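Please look at the predicted model below and follow one path through it, beginning with a single side chain and moving outward to the elements around it.

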Amino acid sequence: MSNDYDDLAARIAAREYRIDPAVADRHLSALSGLTSEPAPPVQSSRRRGRVILVAAVVVATAGAGIGTAAALGVFSAPPSERGIAHCYATVDLDDPSNHTDFMVAVTPQERDADGVGDAAAAALEVCSGGWAQGRFSATDPKVSDPHPSRTDFPVPHLVACVLPGGSVGVFPGDDRTCAVLNLPSALL
């Protein structure tokens, strides 16, 4: 490349071309900045934009991971109130006609080494029995007396969550139900 430059520079300097002297000087100064080495890449605003976009995607993915963890029940807590529990007919905390309360009794055999019983397991068992007796329905009346002679009503998948007051609430649903209600899943 330096040979081409030298030839062109010599021809321009010899005024073999009819070029305005000011233009010739501009061309010579522009050509003198050229080297045989490529110039280092300049980070364009487009590249900076891509870097910012990638960073935003990483942050959003991390946020989604936290949301997914909540949806999958990673956020769990033990109930602080273990003497009472609630069976819900629907996934609605605001409808006073869709649940019933009952006392939780955990036998000594069901207690762990610290003497704490699994109130969530006991609540799931009682609520499952209530569904099998026909006590709960997704339509009105949502809670009724048990059927006098049947115990084979369908039982939906039930999940135990910790209610704001610290007791166990059992809802029809799946692993995401507690997160949808913004409640932790119930632990031992």
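With the side chain of which residue does the side chain of Asn98 make a polar contact? The partner is Thr90, whose side chain is reached at 2.5 Å, and a polar atom of the Asn98 side chain also lies 3.0 Å from the backbone oxygen of Asp92. Asn98 is placed in the loop between S2 and strand S3 (99-103). Its relative accessibility is 0%, and because buried means under 20%, Asn98 counts as buried. Leaving aside neighbours within four places in sequence, the residues in contact with Asn98 include Cys87, Tyr88 and Ala89, as well as Lys142 and Val143.

The strands on either side of this loop, S2 and S3, pair with each other in the antiparallel sense over five bridges, and one of the residues involved is Tyr88, which has His99 as its bridge partner in S3. In a regular strand the side chains alternate between the two faces of the sheet. Strand S3 shows such an alternation: Thr100 and Phe102 point to one face and are buried, whereas His99, Asp101 and Met103 point to the other face and are not buried.

Cys87, which was named among the contacts of Asn98, leads from the strands to a helix. A disulfide is a covalent bond between the sulfur atoms of two cysteines. Cys87 and Cys127 form such a link, with their sulfur atoms 1.8 Å apart, and the angle of -95° about the S-S bond makes this link left-handed. The pair connects distant parts of the chain, since Cys87 belongs to strand S2 (residues 84-88) and Cys127 to helix H4 (residues 119-132), 40 residues apart. Both of these cysteines are buried.

Helix H4 itself can be checked against its expected length: at 1.5 Å a residue, its 14 residues should span 20 Å, and the C-alpha atoms at its ends are 20 Å apart, so the two values agree. At the N-terminal end the helix is capped by Asp118, a side-chain oxygen of which lies 3.3 Å from the backbone nitrogen of Ala120, while just after the helix Gly134 takes a positive phi of about 80°. The buried residues of H4 include Ala119, Ala123, Cys127 and Trp131, and the buried residues of this helix pack against S2, S3, S4, strand S5 (168-172) and strand S6 (185-186).

A second disulfide is formed by Cys161 and Cys178, whose sulfur atoms are 1.9 Å apart, and this link is likewise left-handed, with -90° about the S-S bond. Here too distant parts of the chain are linked, with Cys161 in strand S4 (residues 158-162) and Cys178 in helix H5 (residues 177-180), 17 residues apart. Both Cys161 and Cys178 are buried. The count comes to two disulfides, and when the bonded cysteines of the protein chain are numbered in sequence order, the pairing is 1-2, 3-4.

The path ends at Ser167, in the loop between S4 and S5. Is Ser167 buried or exposed? With a relative accessible area of 6%, it is buried, and its side chain is joined to that of His86 by a polar contact of 2.9 Å. Apart from neighbours within four places in sequence, Ser167 is in contact with residues including Pro79, Glu81 and Ile84, and also with Cys161 of the second disulfide.

Methods. Residues are numbered from 1 along each chain as its sequence is written. This is a predicted model: local features need pLDDT of at least 70, side-chain atom pairs count only at pLDDT 80 or more; totals for chains, interfaces and linings use all residues. Side-chain values use heavy atoms; hydrogens and water are left out. A disulfide is a pair of cysteine sulfur atoms within 2.5 Å. Helices (H or I, at least four residues) and strands (E, at least two) are DSSP runs, numbered from the N terminus. Buried means under 20% relative accessible area, exposed over 50%, partly exposed in between (1.4 Å probe, protein chains only). A polar contact is a pair of N or O atoms within 3.5 Å; within protein, one must be able to donate a hydrogen and the other to accept it, and residues adjacent in sequence count only if both atoms are side-chain atoms. Contact means heavy atoms within 4.5 Å. Two strands pair if DSSP finds at least two bridges between them. The expected span of a helix is 1.5 Å times one less than its number of residues.
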